[in-house]
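Dear colleague,

Please find below the structure that I am handing over to you, followed by an account of what was found in it. I would be grateful if you kept it open while reading.

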Amino acid sequence: MGRNNLKNIKAHNDKLHKAQEKTKAQKILRTEKLKAIVKKFNDTQNP
């Protein structure tokens, strides 16, 4: 029985893709929060 059987490869890829999606979602959330902060800052600076 080898290490690189289809079940192990699929499990690894699923885990990897899940982690990648999680980091991508965090990055998008951070940029949205930053945009909101910048907008609020600009609104208070220029009434």
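Gln-20 is found in helix H1. In this predicted model, Gln-20 has a relative accessibility of 44% and therefore counts as partly exposed, since that class lies between the limits of 20% for buried and 50% for exposed. Along the chain, Gln-20 and Lys-35 are 15 residues apart, and their C-alpha atoms are separated by 23 Å.

His-17 also lies in helix H1. Its relative accessibility is 40%, so His-17 is likewise classed as partly exposed. From His-17 to Val-38 there are 21 residues in sequence, and the distance in space, C-alpha to C-alpha, is 32 Å.

Helix H1 itself covers residues 6-45. The secondary structure of the protein consists of one helix and zero strands. Taken along the principal axes, the box filled by the C-alpha atoms is roughly 70 × 10 × 5 Å.

With regard to burial, the protein has 47 residues, and buried residues make up 0% of them. The accessible surface amounts to about 5000 Å², and carbon and sulfur atoms contribute 60% of that area.

I turn next to the charges. The protein carries 13 positive and 4 negative side chains. The centres of these two sets lie 7 Å apart.

Side chains of opposite charge can pair when their charged atoms come close. How many salt bridges does the count come to? The count is one salt bridge. In it, the side chains of Asp-14 and Lys-10 meet, with an N to O distance of 2.8 Å. This contact qualifies because the rule asks for a side-chain nitrogen of Lys or Arg within 4 Å of a carboxyl oxygen of Asp or Glu.

Where do Asp-14 and Lys-10 stand relative to each other in helix H1? They are four residues apart in that helix, which means that about one helical turn separates them. As for their surroundings, Asp-14 has a relative accessibility of 40% and so counts as partly exposed. Lys-10, by contrast, has a relative accessible area of 52% and is therefore exposed, the limit for that class being over 50%.

In summary, the predicted model shows one helix and zero strands, with 0% of the residues buried and one salt bridge, formed by Asp-14 and Lys-10.

Yours sincerely

Definitions and conventions:
Residues are numbered from 1 along each chain as its sequence is written. This is a predicted model: local features need pLDDT of at least 70, side-chain atom pairs count only at pLDDT 80 or more; totals for chains, interfaces and linings use all residues. Side-chain values use heavy atoms; hydrogens and water are left out. Helices (H or I, at least four residues) and strands (E, at least two) are DSSP runs, numbered from the N terminus. Buried means under 20% relative accessible area, exposed over 50%, partly exposed in between (1.4 Å probe, protein chains only). Accessible areas come from the Shrake-Rupley method with a 1.4 Å probe; for residues, only the protein chains shown count as cover. Lys and Arg count as positive and Asp and Glu as negative; His and the chain ends are not counted. The place of a charge is taken as NZ of Lys, CZ of Arg, CG of Asp or CD of Glu.
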